[in-house]
Amino acid sequence: MEKNENKKDDLLRGGQFLVKETKAEDVFTPEDFSEEQKMMRDSVKDFVDREVVPKKEEIEKKNYAVTEEILKKAGELGFLSVAIPEEYDGLGMGFVSTMLVCDYISGATGSIATAFGAHTGIGTLPILLYGNEEQRKKYIPKLATGEWFGAYCLTEPGAGSDANSGKTKAELTEDGKNYKINGQKMWISNAGFADIFIVFARIEDDKYISGFIVEYDKENPNGISFGEEEKKLGIHASSTRQVFFNDTLVPKENLLSERGNGFKIAMNALNFGRVKLAAACLDAQRRVIDHSVKYANDRVQFDTPIAKFGAIKMKLAEMATSAYVGEAASYRAAKDIEDRINIRKESGNSASEAELKGIEEYAIECSILKVACSEDIQNCSDEGIQIFGGMGFSADTPMEAAWRDARISRIYEGTNEINRMLAVGMLIKKAMKGHVDLLGPAQAVAKELTSIPSFDKPDYNQLFAEEKEMLKKLKKVFLMVAGSAIQKFGQELEEHQQLLLASADILIEVYMAESGILRAEKNAKRFGEDAQKEQIAMAKLYLYQAVDTINHKAKEGIVSFAEGDEQRMLLMGLKRFTKYENMPNVVALRNTIAEKLTEENDYCF
């Protein structure tokens, strides 16, 4: 019990990374996978290489039957049921393992990634987390094994980010036994082969929408019809259709949770979706890097493999760095979520309540990861095309499909713009509730701005000593900008979206850069610095770029709301907080990373 209490005390709450120090030994990294998790990872990789990669041509030709077939095989192997408790025919594994399977099953093609994510996430979790025992027993085992597939019907033509504004209606029949649903949903993933739809509709004139479990039977469609498959930029074999409900009768007992609880269900389901979307971008990056490295080693120009050219080394190094840091941040958050879930279970919460509260606690990190990893895979695939040159633009090479598939990641599970503003907004709300102390540190930074700076130099002889000092200063930048903005605008801050976006980018870069450094530090301590020199280089390279981004975004924010002496003071503070004592040799860092990649001929980290 004492050990558990200590773990509870040590585990940071969501958003506290900004104001409390995290020790390297306290973070979970991919190098910490258990033997069971490594076996699961290898099984999923083998499955993808055997069942998905050979069928990529069919997938790009919009063969939706292939996607359904692959999902069924994944179900037979247990990959759809990792997060499902054993009493519902699942594997009952922890959140890290859930992330791991999502990561490695998603890399080869966005079509499978989307179908898998829609089924195991938003197509199943609302029932698992909000359903009553009868509903769980009836639906979850069939969803866990892939006998049935799930879809999630929230978005409407007039209701996207503003999810609660949907027009779909649910009316109780005169006999009180059924709800009659009428309305239209769009962009519904898995619609073409789903058996179960989680449908959100407004009962009468309720303020909030409600959730329903709606069964679909092709032989008895019950007023359910579909639009044609959408013609999309990417994810070609992910079934995406409009779904129409015309007097669709749904048994009263299929109301999910309580009446009017649909908006809450939708938002919490999206928290799970966001962090898993981040995981789904990771192996996609690894595979793009693998293809790029191999091509760069094989492609000879001017009697030299292009991998030896500095311009290509720069691209490869930065692609690998983003992937490495994305892995670090995603699994850091996944373990925090898992630990919080376990703490809540030990405190007496039910399994579903523990899951909900565990993920809700780290909603800020979920939004951060969704934004960062979705943009990293887009940049990675774009640079992959550039490395391939003219061949990269051809559909005969893997880059073209990777780039198209990556694009949707910045839109679904809440657009990146929405998630940026959510991250900052949720952090402020946590501060107002007393869950994260922002006021004290922000006041300390404000006081520091008007004081004489210290000229004492810390001891930078230890690994990452200067980088950690820089991280502390970057956190002060956020506190300085956000604190000043809150003081100026108060409750009206949410109306200043461009300022929120700039603040969010600072927050995102702090979390990602810190995750990379903590991963590299932890591994350098246990494996030795020489064995981790490339990883150390990636952590330092990412931080260097984060400093540039934060400097730019903070300046943009400051000049948008401060003038005169206040502006000059804030800009001077920004200069102080983004100044390196010993600027890293960025070219040397990139070369170190790229040369390891080309030597191993793949993403080897």
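Visitor: How many cavities of 30 Å³ or more does the structure hold?

Guide: In this predicted model, the structure holds three cavities of 30 Å³ or more, and the largest cavity encloses about 120 Å³ of space.

Visitor: What makes the largest cavity a cavity and not a pocket?

Guide: The word cavity is used because a 1.4 Å probe fits at its points but cannot get out, whereas a pocket is an open set of points. The largest cavity has a lining of 14 residues, and those nearest its centre are Leu80, Ala83, Thr98, Thr120 and Lys276.

Visitor: Which helices each supply at least two residues of that lining, and which gives the most?

Guide: Helix 5 (95-105) and helix 6 (110-122) each supply at least two residues of the lining of the largest cavity, and helix 5 gives the most, with three residues. By class, the lining of the largest cavity has nine nonpolar, four polar and one charged residues.

Visitor: Why is the pair of phenylalanine 149 and phenylalanine 193 called edge-to-face?

Guide: The structure holds 17 aromatic pairs, and in this one the rings of phenylalanine 149 and phenylalanine 193 lie 5.4 Å apart, centre to centre, with 85 degrees between the planes. Ring centres within 6.5 Å count as a pair and planes over 60 degrees apart count as edge-to-face, so both conditions are met.

Visitor: What makes it reasonable to say that this pair ties together separate parts of the chain?

Guide: Phenylalanine 149 lies in the loop between helix 8 (133-145) and strand 1 (150-153), and phenylalanine 193 lies in the loop between strand 3 (178-189) and strand 4 (196-203), so the pair joins parts that are 44 residues apart in sequence.

Visitor: How do you know whether phenylalanine 149 and phenylalanine 193 are buried or exposed?

Guide: Phenylalanine 149 has a relative accessible area of 1% and phenylalanine 193 has 7% relative accessibility; buried means under 20%, so both residues count as buried.

Visitor: Why is the pair of phenylalanine 197 and tyrosine 216 given its class, and where do the two residues lie?

Guide: Phenylalanine 197 and tyrosine 216 are 6.3 Å apart, centre to centre, with 75 degrees between the planes; since the distance is within 6.5 Å and the angle is over 60 degrees, the pair is edge-to-face. Phenylalanine 197 lies in strand 4 and tyrosine 216 in the loop between strand 5 (210-215) and strand 6 (224-226), so the pair ties together parts that are 19 residues apart in sequence. Both phenylalanine 197 and tyrosine 216 are buried.

Visitor: What is known of the second largest pocket, and which residues are closest to its centre?

Guide: The second largest pocket holds about 670 Å³ of space, and of the 23 residues that line it, Pro453, Ser454, Lys473, Arg576 and Glu581 are the closest to its centre. Two or more lining residues come from each of helix 16 (439-449), helix 17 (465-489) and helix 20 (564-577), with helix 20 giving the most, six residues. The lining of the second largest pocket divides into nine nonpolar, three polar and eleven charged residues.

Visitor: Which domains is the protein chain divided into, and what does UniProt list for residues 260-422?

Guide: The protein chain is divided into domain 1 (150-261) and domain 2 (418-600), whose centres, taken over C-alpha atoms, are separated by 43 Å. For residues 260-422, an unreviewed UniProt entry lists "domain: Acyl-CoA dehydrogenase/oxidase C-terminal"; in the model this span is 78% helix and 2% strand, and its end C-alpha atoms lie 22 Å apart.

Methods. Residues are numbered from 1 along each chain as its sequence is written. This is a predicted model: local features need pLDDT of at least 70, side-chain atom pairs count only at pLDDT 80 or more; totals for chains, interfaces and linings use all residues. Side-chain values use heavy atoms; hydrogens and water are left out. Rings of Phe, Tyr and Trp (its six-membered ring) pair if their centres lie within 6.5 Å; planes under 30 degrees apart count as stacked, over 60 as edge-to-face and the rest as tilted. Helices (H or I, at least four residues) and strands (E, at least two) are DSSP runs, numbered from the N terminus. Buried means under 20% relative accessible area, exposed over 50%, partly exposed in between (1.4 Å probe, protein chains only). UniProt positions are given in the numbering used here, feature names are shortened, and annotations may be inferred rather than shown by experiment. On a 1 Å grid over the protein atoms alone, a cavity is a set of points where a 1.4 Å probe fits but cannot get out, and a pocket is an open set with protein on both sides within 12 Å along at least five of seven lines; lining residues have an atom within 4 Å of a point. Grid points are joined across faces, edges and corners, and a volume is the space filled by probe spheres set on the points. Ala, Val, Leu, Ile, Met, Phe, Trp, Tyr, Cys and Pro count as nonpolar, Asp, Glu, Lys and Arg as charged, and the others, Gly among them, as polar. Domain bounds come from an automatic or database domain assignment.
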